[in-house]
Amino acid sequence: MSEEKNTNTLSRRDFLKAAGLVGGIAAGAATFGWSYHAGATPLSKPGWESRYGREIFNRKPFEVEKPTSYEVVGELERYDPRYGYSSRLRSLPKEWPSEGVSALDPDMQEFYEKNPTLLEWDKRNNYGTGVDDQEFIDTVQEQRADFAHNDGYLANVRGKSYGDFSFKGPSAPPEVSDWESLAEKRAEFHSPEAAADFVKRLAADFGAVLCRVTKLNPAWVYKCQSRDSRGFKAGETIDVPAWWEYAIVVTQNMNWDTLASDPNYGTSYDGYTTSSFTAELLANAIKNLGYPARIHSPRHGYDMLVVPPAVDAGFGEFTRAGFCVSPDYGGNFRQAVITTNLPMAIDRPIDAGIADFCKKCKICAEVCPTNAIPLGDPMVVRGVKRWNVDGSRCSDGWSMVSGRSSVSPWGSGIHGCRVCLSACPFVKSDNWLHNMVRGVVTKDPTGITQSLATTIERNIYGRPSAEQFLPPHFEPFKTPPEWLQTDNFIKGLVNTPKGG
Amino acid sequence: MSVVATMIVGAGAVLAVLGISAYAQERGWILRWWHWALVSLWGLLAWFNIAWLGTMYGEGEVRAAWIGFSVVLFFVIIFGVGIYRLLSDSGKVEVSTGAALDE
């Protein structure tokens with residue numbers, strides 16, 4: 001029996017031999033895997049990494065049938081830019097009438113009856129006092145002008161240079177402009193999947209950091225334009241054309257360092273300009289394939305809201321601060337949309353727990369210098385339950401913390417705030433540490449790691465508080481990069497000689 | 001991590017294991033598998049702490065680098081002392097004669 005037992009027992013030597021064999025095979029396989037990746041990775045194409053389709057975050061496991069970060073609770077009502085906050089405030093009388101809402105235009109009466117919360121906000125913002133008091137905003141412009149001519153000079157040069165790059169949006173209605181310059185021959189793809197694959201690959205080649213496709217929900221199209229633009233008369237109803245079947249959403253990022261040093265040193269114009277550039281190239285390509293296309297971008301103008309299509313296409317989720325936050329870039333991107341009828345396989349929205357994270361986090365709302373971002377729950381806006389940013393307060397923040405564009409050395413140019421973007425915990429670098437945290441918080445169903453991550457975020461970085469962004473402090477969120485610190489390069493400004 | 005850094009970390013980890021093993025033998029400790037598991041976890045925590053410091057410094061987040069490092073270092077020290085005491089209390093053998101090993 002003892003002999004039988006001995007033959008059935010693996011000896012130490014046999015174990016080591018087997019382990020050595022397995023180890024050798026594993027090392028060989030790992031070496032092949034690593035070396036293949038080294039040859040194939042987009043990271044081996046310096047300068048063109050994202051243009052070779054590099055994606056940081058795999059969205060597939062998080063795809064769902066319907067977006068979960070907003071909820072349709074009633075009849076969807078299309079956005080009417082005539083009732084955007086700036087148009088509304090312009091239409092209000094200098095003093096609030098004693099008769100109340102009944103003294104306003106019938107259109108405004110109807111609007112405020114439907115949106116009583118916005119009436120409260122507009123009365124407060126137009127007639128109230130505090131950080132959103134216009135007199136207060138006016139008084140800080142001199143201080144901001146000083147910043148724009150000195151410490152912020154190079155940041156303004158950068159932002160304005162992006163802004164000076166010109167784009168020409170459509171000047172005719174869709175039935176004309178969408179069909180202009182189409183190729184004589186139309187390309188027929190093997191399948192909708194092949195078309196989507198090609199479009200995404202081409203978008204990457206044109207510089208898109210991400211490109212995804214969704215069916216266009218007509219409810220996201222503006223009801224009309226607020227002024228004569230893009231071939232529409234002001235107030236003329238936009239009939240959604242039948243060929244606006246698909247929305248191709250492309251994005252480009254804003255510079256990470258300048259975004260981090262908002263509100264003083266950043267700009268949205270890098271993201272605006274590059275995403276618009278990519279969108280124009282892609283729209284040209286779709287027309288060259290023989291399909292109609294129309295650009296809706298920050299620099300060409302829009303006929304639609306672009307955040308909802310981005311959410312529908314699975315870029316990210318609708319969040320407390322009103323923008324789409326993606327798991328890989330946070331809110332650090334600007335999106336553009338191309339509408340077309342090129343048949344393509346569509347992408348699904350994602351549920352990566354970002355909106356749930358937003359419910360607990362609230363950091364953006366806490367650091368907002370003008371309290372424009374709600375600390376409370378989502379509200380119903382035009383049939384959609386979602387968080388709603390007070391646009392008027394947000395705009396006041398732009399004027400206060402960064403100064404109106406008129407205070408720049410050129411009398412025009414950039415301004416803005418974006419502190420909410422800088423502060424969002426999802427706006428983090430692509431490295432092992434943040435990718436590990438992203439991986440955990442998007443998969444943890446208990447919410448424990450989300451709470452832990454938010455607590456750490458709030459306590460270890462030592463960021464300025466909301467008050468410190470306001471006059472007279474004007475703190476940036478983070479120290480600006482060396483290359484945007486004016487004193488490092490410029491000794492002074494002199495009058496530019498005229499002519500040769 | 002780059003390939004070279006991975007190789008250095010891997011080689012260092014192997015050397016550390018050999019060193020701990022020799023130290024344990026010298027002291028006559030009998031290390032069970034779960035002792036090694038605890039030591040590995042401690043090593044991972046220490047590695048994470050250094051990697052945190054480097055990454056945060058690299059991102060320019062000096063304050064976060066030192067706060068995080070200090071907090072984790074506290075646990076690294078506490079756990080390190082605890083694990084050392086656990087190992088030193090593990091069954092001891094007579095190393096000088098080797099008699100206990102032969103039994």
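In this predicted model, the contact between the two chains draws 8 residues from chain B and 6 residues from chain A. On the side of chain B that touches chain A, two helices, α2 (33–58) and α3 (62–88), each contribute at least two residues. The biggest share comes from α3(B), which gives 4 residues to that side. By character, the residues that chain B brings to the contact split into 3 nonpolar, 2 polar and 3 charged.

Turning to chain A, a good place to start is its sheet. Four strands form an open sheet in the order β2-β3-β7-β4, and their pairing is antiparallel. The edges are held by β2 (210–215) and β4 (293–296) of chain A, each of which pairs on one side only. On average, and with direction ignored, neighbouring strands of this sheet are turned by 20° against each other.

Strand β7 (residues 334–340) of chain A is worth following in detail. With β4(A), β7(A) shares 4 bridges, and the two strands run antiparallel. Individual residues can be picked out along this pairing: A:I295 has A:I338 of β7(A) as its bridge partner, while A:H296 stands opposite A:V337 in β7(A). With β3(A), β7(A) is joined by 7 bridges, again in an antiparallel arrangement. Here A:A247 finds its bridge partner in A:T339 of β7(A).

How many of the residues of β7(A) are buried? The count is 7 of the 7, so this strand is largely enclosed by the rest of the structure. For the reader following along in the structure, the burial can be traced on both faces of β7(A). One side carries A:R334, A:A336, A:I338 and A:T340, the other A:Q335, A:V337 and A:T339, and all of these are buried. Thus A:I338, the bridge partner of A:I295, belongs to one covered face of β7(A), and A:V337, which stands opposite A:H296, belongs to the other.

Helices accompany the sheet as well. Helix α12 (residues 269–288) of chain A lies across β3, β4 and β7 of chain A, and runs at about 15° to β7(A). Helix α10 (residues 192–205) of chain A lies across β2 and β3 (246–252) of chain A, with a direction at about 145° to β2(A). Strand β3(A) therefore appears in the descriptions of both helices, being crossed by α10(A) and by α12(A).

Conventions:
Residues are numbered from 1 along each chain as its sequence is written. Chains are lettered from A and ligands numbered from 1 in the order in which they are written. This is a predicted model: local features need pLDDT of at least 70, side-chain atom pairs count only at pLDDT 80 or more; totals for chains, interfaces and linings use all residues. Two residues are in contact if their C-beta atoms, placed from the backbone, lie within 7 Å. Ala, Val, Leu, Ile, Met, Phe, Trp, Tyr, Cys and Pro count as nonpolar, Asp, Glu, Lys and Arg as charged, and the others, Gly among them, as polar. Two strands pair if DSSP finds at least two bridges between them. Axes are lines fitted to C-alpha atoms, for helices over the stretch in contact, and angles run from 0 to 180 degrees between N-to-C directions. A residue is buried if 20 or more other C-beta atoms lie within 10 Å of its own, exposed if 12 or fewer, and partly exposed in between; C-beta atoms are placed from the backbone.
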